[in-house]
Amino acid sequence: MAKKKPLVIVTRKLPDVVETRMCELFDTRLNETDKPMTQSELADALRVADVLVPTVTDRIDAGLIAQAGESLRLIANFGNGVDNIDVTAALRRGITVTNTPGVLTEDTADMTMALILAVSRRLVEGAAVIPGGEWEGWSPTWMLGRRITGKRLGIVGMGRIGQALARRAAAFGLSIHYHNRRRVSPAIEESLSATYWESLDQMLARMDIVSVNCPHTPATYHLLSARRLKYLRPTAIVVNTARGEIIDENALTRMLEAGEISGAGLDVFEHEPAVSPKLVKLVRAGKVTLLPHMGSATVEGRIDMGEKVIINVKTFMDGHRPPDRVLPSML
Ligand code: 8YV
């Protein structure tokens, strides 16, 4: 008799090819509407599923995990960051957690570079001029941005995405500086011509551009706190494609309003999808560029993420250790 296929519940709409393959391999329950599930719908799913495939928009906290049924053995996150899941609570209940690292590195680094350019060279403001019918012709002193070549970029978090950003930024003539929990190997430092700063405070005080590229964990919550943001120079810009919670968003907003820093490019927010009206107002003032969490949003990236999820589920269900298992020690 054929082995019973595991019940895999997917919380959001995934690319068609991914869903088709999942349906071939598993007893898969899809979310055709793509409407995010409520906490009570998630609890119902956890009660019956063998595997849950959530995304960043699902909060799988300890309370929810406590309601999981006996059959739930794997939470295979469709995403790299696992700050939406209480990994420790899951492991305590014998539930394995996996993620999708590596496949969104280049796309996220591209978007970070795009934000650095957008804020420095006023791309969003400029692109609105012609459709707005406001262009009266070239002027030597109009729409001036800031040159990025020769400036200093401080990368907070020199993991895969930080390093991919460093490679791009070096090609644009930026000098590379970084702060990381652990200093990277001399070989990596050398290949990126990157300068390590043990003190984040000291690095912030000397950078022209600061990019946040670390994961959101209890240790990085408000890493760029009100106190730390004060170290930034008035000409500095801040870019965040990691997680909103890493920056004290209210403090950042206040400093932008007061002209204590020059600009910001944000793809992520502290209370997504809510964005503070004060930040939105700063878009109109030409000080910030805001994107709706698009860092990894490419067709290729989403398919690759789906493939990673499938490999993790399949490997686990075949009785092996899934390649992208997440352990609390990694957080
Ligand atoms: C994903 C992300 O789109 O993978 C991550 O950590 O932040 C995003 O780029 C999202 O998490 C999908 O769940």
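Tutor: A polar contact is a pair of N or O atoms within 3.5 Å; within protein, one must be able to donate a hydrogen and the other to accept it, and residues adjacent in sequence count only if both atoms are side-chain atoms. This is a predicted model, in which local features need pLDDT of at least 70 and side-chain atom pairs count only at pLDDT 80 or more, while totals for chains, interfaces and linings use all residues. Residues are numbered from 1 along each chain as its sequence is written, and side-chain values use heavy atoms, with hydrogens and water left out.

Student: What makes the pair between Ser296 and the ligand a polar contact?

Tutor: An N or O atom in the side chain of Ser296 lies 2.6 Å from an oxygen atom of the ligand, and because the limit is 3.5 Å, the pair counts. The side chain of Arg243 likewise has an N or O atom 2.6 Å from a ligand oxygen, and for Asn80 a backbone N or O atom is 2.6 Å from one.

Student: Which residues surround the ligand?

Tutor: A residue is near the ligand if one of its heavy atoms lies within 4 Å of it, and those around the ligand include Thr55, Val56, Phe78, Leu104, His293 and Arg302. The protein buries 89% of the 330 Å² that the ligand exposes when taken alone, with areas from the Shrake-Rupley method and a 1.4 Å probe.

Student: Why is His177 called buried?

Tutor: Its relative accessible area is 9%, and buried means under 20% (exposed is over 50%, partly exposed in between, with a 1.4 Å probe and protein chains only), so His177 is buried. The side chain of His177 makes a polar contact of 3.0 Å with that of Trp197. Not counting residues up to four places away in sequence, His177 also touches Arg152, Thr195 and Met203, among others, where contact means heavy atoms within 4.5 Å.

Student: What makes a group of residues a nonpolar core, and how many residues has the largest?

Tutor: Such a core is a set of buried Ala, Val, Leu, Ile, Met, Phe, Trp, Tyr and Cys residues joined through side-chain atoms within 4.5 Å. The largest has 29 residues, and those with the most contacts inside it are Leu224, Leu229, Leu232, Leu252 and Leu256. Its largest share, four residues, comes from helix 11, a helix being a DSSP run (H or I) of at least four residues, numbered from the N terminus.

Student: Which residues of helix 11 are buried?

Tutor: They are Glu249, Ala251, Leu252, Thr253, Met255 and Leu256. Among the elements covering them are helix 10 and helix 12.

Conventions. Helix = DSSP H or I, 4+ residues; strand = E, 2+ residues; numbered from the N terminus.
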